[in-house]
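Visitor: I would like a close look at a single part of this protein, the place that carries an annotation in its database record. Please then set that part in the context of the whole chain.

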Amino acid sequence: MQVLIVEDEEALTTLLRYNLEAEGFLVDSASRGDDAELLLAERTPDLVLLDWMLPGLSGIELCRRIRARRETERLPVIMLTARGEEGDRVRGLGTGADDYIVKPFSVPELLARVRALLRRAKPAHVADRLAAGDIELDRTGHRVRRAGEELHLGPTEFRLLEFLMLAPGRVFSREQLLDGVWGHDVYIDERTVDVHVGRLRKALNAPRQADPIRTVRGSGYAFDETFSLEA
């Protein structure tokens with residue numbers, strides 16, 4: 001899952017990025033409100049951590065614009081601010097923020113709020129287990145079973161299967177898979193995706209078992225939620 005940090009304090013951004021990445025999140029950041037708006041137009045994250053006072057465009061105004069766009073109107077937003085007065089909290093929540101935390105704050109508390117908000121907004125994305133047909137993926141134990149038999153997947157193949165199973169039926173381009181599985185800051189040839197999809201298929205599919213990974217010519221790959229137990 002992807003979190004966008006919009007914060008002009010570099011030290012705080014570094015601290016948040018470190019802790020979020022340790023929790024398994026992909027992290028983007030912007031130090032200006034107008035730069036964050038451009039990032040949101042290119043890619044919608046799963047949650048935004050938004051500072052109130054920002055150069056370029058204030059956090060309050062950016063939050064209003066997030067709620068005004070159809071693509072981001074339901075995007076979870078946690079406001080970060082040094083303004084702890086009741087009136088300020090009311091104003092922040094009134095512009096559309098889902099939660100509000102006052103600086104200085106405890107990082108474990110912030111992470112708990114991130115997880116709680118994502119559980120409400122996107123329960124499938126924080127579920128411990130994913131299942132489709134005869135395939136079960138244990139996100140906590142990093143195990144995959146098919147028809148009751150444990151499969152041996154490498155870490156990249158596990159992340160690839162997890163990413164696809166989170167959005168069954170959706171076709172992802174190779175570029176989107178690179179961003180979602182490897183991270184957008186990693187520069188890897190798109191053909192690498194094909195190699196790992198091939199490895200994943202080999203690990204998943206025994207004889208007479210249908211292939212749940214669908215290739216869409218000219219577009220990319222999808223997890224086919226309608227695959228049958230036998231080919």
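Guide: What follows goes from the annotated residue to the domains of the chain. The model is predicted. In UniProt, an unreviewed entry places the annotation "modified residue: 4-aspartylphosphate" on D51. This residue belongs to strand β3, which runs over residues 47–51. D51 has a relative accessible area of 5%, and because the cut-off for buried is under 20%, D51 counts as buried.

The surroundings of D51 can be listed by residue. With neighbours within four places in sequence left aside, the contacts of D51 include the acidic residues E7 and D8. V6 is also in contact with D51, as are G59 and K103. The list is completed by M79, L80 and T81.

Now the wider chain. The domain assignment gives domain 1 as 2–124 and domain 2 as 129–223. The contact between them takes 6 residues from domain 1 and 7 residues from domain 2. Their C-alpha centres are 30 Å apart.

The size of an interface is often expressed as the accessible area lost when the parts come together. Between domain 1 and domain 2, the buried area is about 460 Å², and carbon and sulfur atoms give 41% of that area. On the domain 1 side, strand β2 (residues 26–30) gives the most to the surface that touches domain 2, with 3 residues. Across this interface there are 0 salt bridges by the rule applied. The count of residue pairs in polar contact between the two domains, both at pLDDT 80 or more, is 0.

Note on methods: Residues numbered from 1 in each chain as written. Predicted model: local features only at pLDDT ≥ 70, side-chain atom pairs only at ≥ 80, totals over all residues. Heavy atoms only, no water. UniProt positions renumbered as here; feature names shortened; annotations may be inferred. Helix = DSSP H or I, 4+ residues; strand = E, 2+ residues; numbered from the N terminus. Buried < 20%, exposed > 50% of the residue type's maximum accessible area, 1.4 Å probe, protein only. Contact = heavy atoms within 4.5 Å. Domains from an automatic or database assignment. Buried area = accessible area lost by both parts, 1.4 Å probe. Salt bridge = Lys/Arg side-chain N within 4 Å of Asp/Glu carboxyl O. Polar contact = N/O pair within 3.5 Å; in protein donor to acceptor, adjacent residues only side chain to side chain.
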